[in-house]
Amino acid sequence: MEQEKLQELELWFNNYVSGFYGSDEYINNNLKLKEEHSRRTCQEMRYLIKTLGLEDNLGKVALVTALLHDVGRFEQFVKYRTYNDFKSVNHCLLGVKVLRESKVLEDFDPAQRELIEKAVEYHGIKELPKGLNGQHLLLSQLIRDADKLDVLYVVTEYYARYKNNPEDLIFELEFPDLPECSSQVVKATLAGQRIDYSCLKTLNDMRLLQLAWVYDVNFTATLRRIRQRGFLEKIIEFLPKTGKILEVKKAIFEYVDNRIGGDSQKERLQI
Ligand SMILES: [Fe+2]
């Protein structure tokens with residue numbers, strides 16, 4: 001893939017997104033959140049490409065995927081005023097629809113286009129389909145990790161801002177800010193399981209789900225970055241200081257540090 005192709009796509013993305021902004025500040029703020037998230041996800045993807053030693057062409061495909069992975073978010077928010085897929089539409093499938101209708105990937109090699117479309121479709125799915133392999137699997141794993149890295153940045157910033165200024169709610173809070181954590185969610189986190197979005201009842205459940213993402217992280221390089229940037233500590237700080245949460249904290253750190261303990265050079269060679 002040519003370098004110019006990447007730049008063309010960035011221009012297309014800027015132009016596509018700018019068409020959604022209007023006079024509603026609430027909508028604008030939320031759109032900006034995802035616009036900036038898409039660009040920062042590219043930065044996280046650059047980190048993964050470099051750390052894992054991905055070859056140049058696949059690296060470019062991965063960058064295109066990072067830029068476009070949430071392309072369905074803009075139509076979703078303008079239409080439904082929510083990023084909650086359960087209350088609106090599956091934003092991953094909507095993203096694929098946008099890519100096809102806009103024909104933005106039209107002059108890509110069909111195999112590359114399929115690779116990108118599938119990774120966009122799978123980036124938000126609870127678990128990747130079992131038979132996925134080769135570059136399809138690798139690209140899906142990469143976008144899921146890059147996406148999580150930036151979402152963890154976004155939510156930790158957001159929780160701090162919300163704590164200092166609860167009235168200043170410029171973004172949607174999807175769950176009630178109650179002191180409880182649902183026992184089902186705590187149990188799943190302690191058992192090292194991924195948490196189903198449909199089980200969430202409170203904002204603290206959401207925070208637990210974000211902690212439990214570590215179980216779904218594909219690359220040690222991602223876990224190292226999560227650890228270095230202190231995302232886990234920052235999320236735990238907002239959870240109630242109960243015995244159960246202390247257990248969760250211990251389990252999460254043990255899991256991450258065990259995985260990080262492996263040889264990072266080995267990971268590079270496996271790719
Ligand atoms: Fe997404």
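This tour goes through the structure one selection at a time, and the model you have open is a predicted one.

Begin with the two domains, selecting residues 3-143 for domain 1 and residues 177-270 for domain 2, as the domain assignment of the chain gives them. The C-alpha centres of these two domains lie 25 Å apart, and where they meet, eight residues of domain 1 are in contact with 10 residues of domain 2. On the side of domain 1 that touches domain 2, helix H2 supplies the largest share, with four residues, while the residues of that side as a whole comprise four nonpolar, three polar and one charged.

Next, select helix H2 itself, which covers residues 25-52. Its 28 residues, at 1.5 Å a residue, should span 40 Å, and because the end C-alpha atoms are 40 Å apart, the model agrees with that expectation. If you colour the buried residues of H2, you will pick out, among them, Asn30, Leu31, Lys34, Ser38, Thr41 and Cys42, and further along the helix Glu44, Met45, Leu48, Ile49 and Leu52 are buried as well. Just after H2, stop at glycine 53, which takes a positive phi of about 65 degrees.

Finally, move to helix H6, residues 110-122, whose 13 residues should span 18 Å at 1.5 Å a residue, in agreement with end C-alpha atoms that are 18 Å apart. Which residues of H6 are buried? They are Leu115, Ile116, Ala119, Val120 and Tyr122. To see what covers these buried residues of H6, add helix H3 (56-68), helix H5 (91-102) and helix H7 (134-164) to the selection, since these are included in the cover.

Notes
Residues numbered from 1 in each chain as written. Predicted model: local features only at pLDDT ≥ 70, side-chain atom pairs only at ≥ 80, totals over all residues. Domains from an automatic or database assignment. Contact = placed C-beta atoms within 7 Å. Helix = DSSP H or I, 4+ residues; strand = E, 2+ residues; numbered from the N terminus. Nonpolar A, V, L, I, M, F, W, Y, C, P; charged D, E, K, R; others polar. Expected span 1.5 Å × (residues − 1). Buried ≥ 20, exposed ≤ 12 C-beta atoms within 10 Å, placed from the backbone.
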